[in-house]
Amino acid sequence: MKSFLIGATSSGCGKTTFTMGLLRALTKRGYNVQPFKCGPDYIDPLFHSAASGQESVNLDTWLGSEKHVCELFSHYSSNADISIVEGVMGLFDGYDKSKGSSGEIATLLDTPVILLVNAKSVAYSVAPLIYGFKNFHPEIKLAGVVFNMVASDSHYSYLEQACEDAGVTSLGYMQRNPSLSIPSRHLGLTITAKQEMENLIQLAAEEIEKHVNIDKLLAL
């Protein structure tokens, strides 16, 4: 069973859009994919379930013990080909420094991290940012980076060079596209009609299949 956590440098990087697109893309390939969500969030798991056909499970060290989180992950992953954990906020954002953060969950589960970076209005300057996330916590295995909000192929070439110089594998990108945005509202995400949700999931999956190296991601 393969597993990884989708983290980000901050909130607003597009973790949920990327996660549900990847869930759908892998499900279309015939994989049995089990989704998880860091924290007590009850809305993002609905998107996960719609994308994968599997119930998404919360992993939260604030409301549950570390032992309980590990047992949940092990139990629900037992019949899966791939388990994907969507992080919360930035990778190290917890209720007490990094306590309860996505990074803590990744360390607890001993699963690698795919870091999502918002590349809007930035290019090669992401190199020190990525380098910092790679080296700040040595126990976290940063397997690769995916960029969101990329303007063009030439824009991505600068980002790819930044990854290379930071010593992290670049796995691809998602283009800047307003149609890929999930509307926000107070205390969460707006749950739209089922067909609108399905259209968004399918569009995200197509974007990932086009611009993200899924085979390399799974190999890492």
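Residues are called buried when their relative accessible area is under 20%. By this cut-off, both Lys37 and Asp44 are buried in the structure described here. The structure is a predicted model.

Lys37 and Asp44 also bond to each other through their side chains. Their salt bridge brings the closest N and O atoms to 3.0 Å. The pair does not stand alone: Lys37, Asp44 and Glu86 are linked in a network of salt bridges. The total for the model is nine salt bridges.

The fold contains an open sheet of seven strands. Their order is β3-β2-β4-β1-β5-β6-β7, and the pairing is parallel. In general, strands of a sheet pair through backbone hydrogen bonds, in either the parallel or the antiparallel sense. The edges are formed by β3 (57-59) and β7 (170-175). Each of these edge strands pairs on one side only. From one strand to the next, the twist averages 25°.

Within the sheet, β2 and β4 are joined by five bridges in the parallel sense. One residue pair can be named here: Val33 has Ile82 of β4 as its bridge partner. Two helices pack on the sheet. Helix α2, residues 44-52, touches β2, β3 and β4. The direction of α2 makes about 170° with that of β2. Helix α4 touches β1 (2-8), β2, β3, β4 and β5 (113-118). Its direction makes about 165° with that of β1.

Strand β2 spans residues 33-38 and includes Gln34. The relative accessibility of Gln34 is 6%, so this residue counts as buried. Leaving aside residues up to four places away in sequence, Gln34 touches Gln54, Glu55, Ser56 and Val57. The contacts of Gln34 also include Tyr76, Ala80, Ile82, Ser83 and Ile84. Ile82 thus appears twice in this account, as a contact of Gln34 and as the bridge partner of Val33.

Further salt bridges involve residues with other degrees of exposure. Glu71 and Lys67 form one, with the closest N and O atoms 2.5 Å apart. Both residues belong to helix α3, which covers residues 66-77. Because they are four residues apart in α3, about one helical turn separates them. Lys67 is exposed, at a relative accessible area of 57%. Glu71 is partly exposed, at 41%.

Lys99 and Glu104 form another salt bridge, with an N to O distance of 3.0 Å. Here the two partners fall into separate accessibility classes. Lys99 has a relative accessible area of 32% and is therefore partly exposed. Glu104 has a relative accessibility of 15% and is therefore buried.

The surface also carries a nonpolar patch. Trp62, Leu63 and Tyr95 make this patch, and its area is about 410 Å². Tyr95 is located in the loop between β4 (82-86) and α4 (102-109). With a relative accessible area of 43%, Tyr95 is partly exposed. Patch residues need over 30% relative accessible area, so the value of 43% for Tyr95 satisfies this cut-off.

Note on methods: Residues numbered from 1 in each chain as written. Predicted model: local features only at pLDDT ≥ 70, side-chain atom pairs only at ≥ 80, totals over all residues. Heavy atoms only, no water. Patch = residues over 30% accessible without salt bridge, like charges linked within 9 Å, V, L, I, M, F, W, Y side chains within 5 Å. Areas by Shrake-Rupley, 256 points an atom, 1.4 Å probe, with all protein chains shown as cover. Salt bridge = Lys/Arg side-chain N within 4 Å of Asp/Glu carboxyl O. Buried < 20%, exposed > 50% of the residue type's maximum accessible area, 1.4 Å probe, protein only. Contact = heavy atoms within 4.5 Å. Pairing = 2+ DSSP bridges. Axes fitted to C-alpha atoms, helices over the stretch in contact; angles between N-to-C directions.
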